[in-house]
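Here is a short report on the model shown below. It takes the domains first, then the metal site, the contact between chains and a few single residues.

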Amino acid sequence: MKDLVVEVNGNTVLKGVNLKIGQGETHVLFGPNGSGKTTLIMSALGFPKYRVVSGQILFKGKDISGMSLDQRIRLGMGIAFQRPPVVPGVKLRQLAEMIARTDGAKLQRVAEDLNALHLLDRDLNDGFSGGEAKRSELLQLQMASPDLAFIDEPESGVDLESIAIVGRAINAILGKTRVKAGRTASALIVTHTAHILDYVNAELGHVLVDGRIVCSGNPRDILREVREHGFKHCEVCTNE
Amino acid sequence: MNDRLRELEQKALSAVEKRAAYGPDIDLNRYRNVGEHEKIEALESLSRQAREAAYMAGIEQNLERTAGTYMQLDSSVVFEQVQRAYGGQLELLSTDEALAKYDGLPEYWWQAVPVDQDKYTARVALNQTHGYFIRVLPGQKVERPVQACLLVAENFISQNVHNVIVVEEGAEVQVITGCTSITGVKEGLHIGVSEFYVKRGARLTFHMIHNWAENFHVRPRTGVIVEEGGVFVNNYVLVKPVGSLQTSPSVYLRGKASRAEINTIAYGMKRSVIDIGSRIVLEAQDTAGESISRAVADDGSILYLRGMLVGKTDKRAKAHLDCRGILKSPLARIVAIPELDADSSPECDLAHEAAVGPIDQEAILYLMARGLTEDEAVATITRGFMNIELPGLPEALRRQIDQVMEATLHRGL
Ligand SMILES: Nc1ncnc2c1ncn2[C@@H]1O[C@H](COP(=O)(O)OP(=O)(O)OP(=O)(O)O)[C@@H](O)[C@H]1O
Ligand SMILES: [Mg+2]
């Protein structure tokens, strides 16, 4: 995305974001609460509430600004939501089958890996615990096998043991477990804790503060800086 | 004619002009036709269209899967059969045969529905065209469903059926009633008086599927009396267009600890006027009632969703009503009217929740974020919204209802 400015309900939340994720790359996005991380993802996907005021969003070489949400998904984008809504009467299994438009074998395997079998016949997100909601999101994302995955805080609310499961699922989505070298998917992962970095290799990290990317670099270095000096320091670092 | 029948006739005559409390008033003179048909030996002898219509109304054509089947075509009873294995468990007759056999059915005939309720009950009393009588013998648990199909095959017929179901003490049965017109039949009237008697410890699960056409007017009149420990479950599904339909079954929980559960799924389309309610009357200690409705108003349809809970016992009892509607078109209308009437019943707990609104936009976007188009997302959510538990629904019927709903939701997609 180039110089992206986005308004939500009349408030400018993204104030000129530049971000490029190459094919097969995994980036992580850090930033304080309310800095615009979720907004960035929603804008990339074309959610109607997020109004692009100026700037460009390119995907697979195309300007997709005029495309609807579902068109962008069909073009290869995918998302695991930070806070998915309840959809009464619609079962996780039903949606997962609609996503994959295939037989149940893959679903069974993916659900087993994610320890989510017991969620399949429940109404979507209805009463899911924090960790269950995350696993259900990743299950849906995995069924969609996107070329570019936006994963919004996959490990918040997930217990330490389950983070390994989440990490494996993300690697499966990104095709990083494939032995054969070949085309792999890209991803942008939003995280506060970076526990996920113990399982998923990320090339680049970015820090979003108040609607601007203020720093980019090695994710582990960034994390260390933030831990020691806080997000304020990142702003200073770019200003230097 | 004995005194009792004469008295009923007098009462009916006094009500021939009496408008119903709810629903558009229908000019009964438009519907005077009578369609007589020969008996058939097997369902296969029905026309293809008739069989299709029956299927759309949830009727199982493989009779091996049923305990018994009653079929009425226009004004004639064309088929009546109890499967051999169930001969000792239940009786299935036309109500005329039952009246003759049981001396006018004094305990059941017009005992749960007042004959002079309105001009529709009066018409059934004065111009009855059969109807079914099902009686399950004491203690018999009938495993497979008994089904009744009321078909209309000609225009301007007035089908005026009077049905009676008696579930004797400790017995259990499921009854599927499919009421349907045949494709191509444009206009007609169907009035069904149904009186159900659920005796001590008995259980009746009643599924009613309606499949009418745009100019059909439908006026079911249902009364149910449940004795001590008895359970009555009513599942009603309407997902096809209708001219007008007005119904509001009354369930009287007369015996201690008796229960009623009423589930309604209605999808209004085209210019349908649908007025559906239910009335659960708690008349004894520890009775419990639950009424759940899900309605969708599409196109230019109007839906009235009524629900009435009445406490009429000074003992502890409770009932709950949950009514939700989705307005899917700017031209449609939903009027939800829940009513609670605690009548000298200081121990009765009556509660309702009602909500009407659009489809949750956030849910639509969520599904679109999985690659569904907006229309697919709306259809999926609407289907989910109507996906309430219909207890005891046989698998074949569930699949059939699913199919019809899918077809309704995906028209135009
Ligand atoms: N629908 C909305 N209406 C008004 N303000 C909004 C709306 N959505 C987001 N915002 C505002 O935009 C800002 C960025 O929100 P966003 O959800 O993108 O933050 P975030 O970086 O994802 O935070 P967190 O780490 O807490 O998830 C916040 O100030 C938020 O209140
Ligand atoms: Mg967020």
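In this predicted model, the centres of domain 1 and domain 2 of chain A lie 22 Å apart, taken over C-alpha atoms. Domain 1 is assembled from several segments: 1-21, 28-75, 205-211 and 231-240. Domain 2 is a single stretch, 76-202.

**Between the two domains of chain A**

The domains touch through 22 residues of domain 1 and 21 residues of domain 2. About 1800 Å² is buried between domain 1 and domain 2 of chain A, and carbon and sulfur atoms give 75% of that area. Three residues stand out on the domain 1 side. A:Ile21, A:Val28 and A:Ile41 supply 33% of the area that domain 1 of chain A buries against domain 2, more than any other three residues.

Polar links are present too. Nine residue pairs are in polar contact between domain 1 and domain 2 of chain A, both residues at pLDDT 80 or more. On the domain 1 side, strand S3 (26-30), helix H1 and helix H2 (69-75) of chain A each give two or more residues. H1 of chain A gives the largest share of that side, seven residues.

The count of salt bridges between the two domains of chain A is one. The side chains of A:Lys60 and A:Asp147 meet in a salt bridge, at 2.5 Å from N to O.

**Two residues with positive phi**

A:Lys60 also has an unusual backbone entry here: a positive phi of about 55°, although it is not a glycine. A:Lys60 sits in the loop between strand S5 (58-59) and strand S6 (62-63) of chain A. Its relative accessible area is 48%, so A:Lys60 counts as partly exposed.

A:Ala194 has a positive phi as well, about 65°, and is not a glycine either. Its loop runs between strand S11 (186-190) and strand S12 (204-209) of chain A. Is A:Ala194 buried or exposed? A:Ala194 is buried, with a relative accessible area of 5%.

**The magnesium site**

Which protein atoms are donors of the magnesium ion (ligand 2)? They are OG1 of A:Thr38 and OE1 of A:Gln82, lying 1.9 to 2.2 Å from the ion. The pair links distant parts of the chain, 44 residues apart. A:Thr38 belongs to helix H1 (residues 37-45) of chain A. A:Gln82 is in the loop between strand S7 (77-80) and strand S8 (87-91) of chain A. A:Thr38 is partly exposed, with a relative accessible area of 26%.

**Chain A against chain B**

The contact between the chains takes 24 residues from chain A and 19 residues from chain B. About 1800 Å² is buried between chain A and chain B, with carbon and sulfur atoms giving 66%. Eight residue pairs are in polar contact between chain A and chain B, both at pLDDT 80 or more. On the chain A side, H2, S8, helix H3 (92-100) and helix H5 (130-144) each supply at least two residues.

One salt bridge is found across the interface of chain A and chain B. B:Arg370 forms a salt bridge with A:Glu137, the closest N and O atoms being 2.6 Å apart.

The side-chain pairs with a stated distance are set out here.

| Pair | Kind | Distance |
|---|---|---|
| A:Lys60 and A:Asp147 | salt bridge | 2.5 Å |
| B:Arg370 and A:Glu137 | salt bridge | 2.6 Å |
| B:Gln159 and B:His190 | polar contact | 2.9 Å |

**Two residues of chain B**

B:Gln159 lies in strand S6 (residues 158-167) of chain B. B:Gln159 is buried, because its relative accessible area is 0% and the cut-off is under 20%. Its side chain reaches the backbone oxygen of B:Leu151 at 3.0 Å. The side chains of B:Gln159 and B:His190 are joined by a polar contact of 2.9 Å. Leaving aside neighbours within four places in sequence, the residues in contact with B:Gln159 include B:Gln72, B:Asp74, B:Thr129 and B:Ile191.

B:Gly229 is in the loop between strand S10 (215-226) and strand S11 (231-238) of chain B. At 35% relative accessibility, B:Gly229 is partly exposed. Beyond its neighbours within four places in sequence, B:Gly229 is in contact with B:Gly201, B:Ala202, B:Lys256, B:Ala257 and B:Ser258. B:Gly229 and B:His352 are 24 Å apart in space, C-alpha to C-alpha, and 123 residues apart in sequence.

Note on methods
Residues numbered from 1 in each chain as written. Chains lettered and ligands numbered in written order. Predicted model: local features only at pLDDT ≥ 70, side-chain atom pairs only at ≥ 80, totals over all residues. Heavy atoms only, no water. Donors = N, O, S within 2.8 Å, 3.2 Å for Na, K, Ca; no water. Helix = DSSP H or I, 4+ residues; strand = E, 2+ residues; numbered from the N terminus. Buried < 20%, exposed > 50% of the residue type's maximum accessible area, 1.4 Å probe, protein only. Domains from an automatic or database assignment. Contact = heavy atoms within 4.5 Å. Buried area = accessible area lost by both parts, 1.4 Å probe. Salt bridge = Lys/Arg side-chain N within 4 Å of Asp/Glu carboxyl O. Polar contact = N/O pair within 3.5 Å; in protein donor to acceptor, adjacent residues only side chain to side chain.
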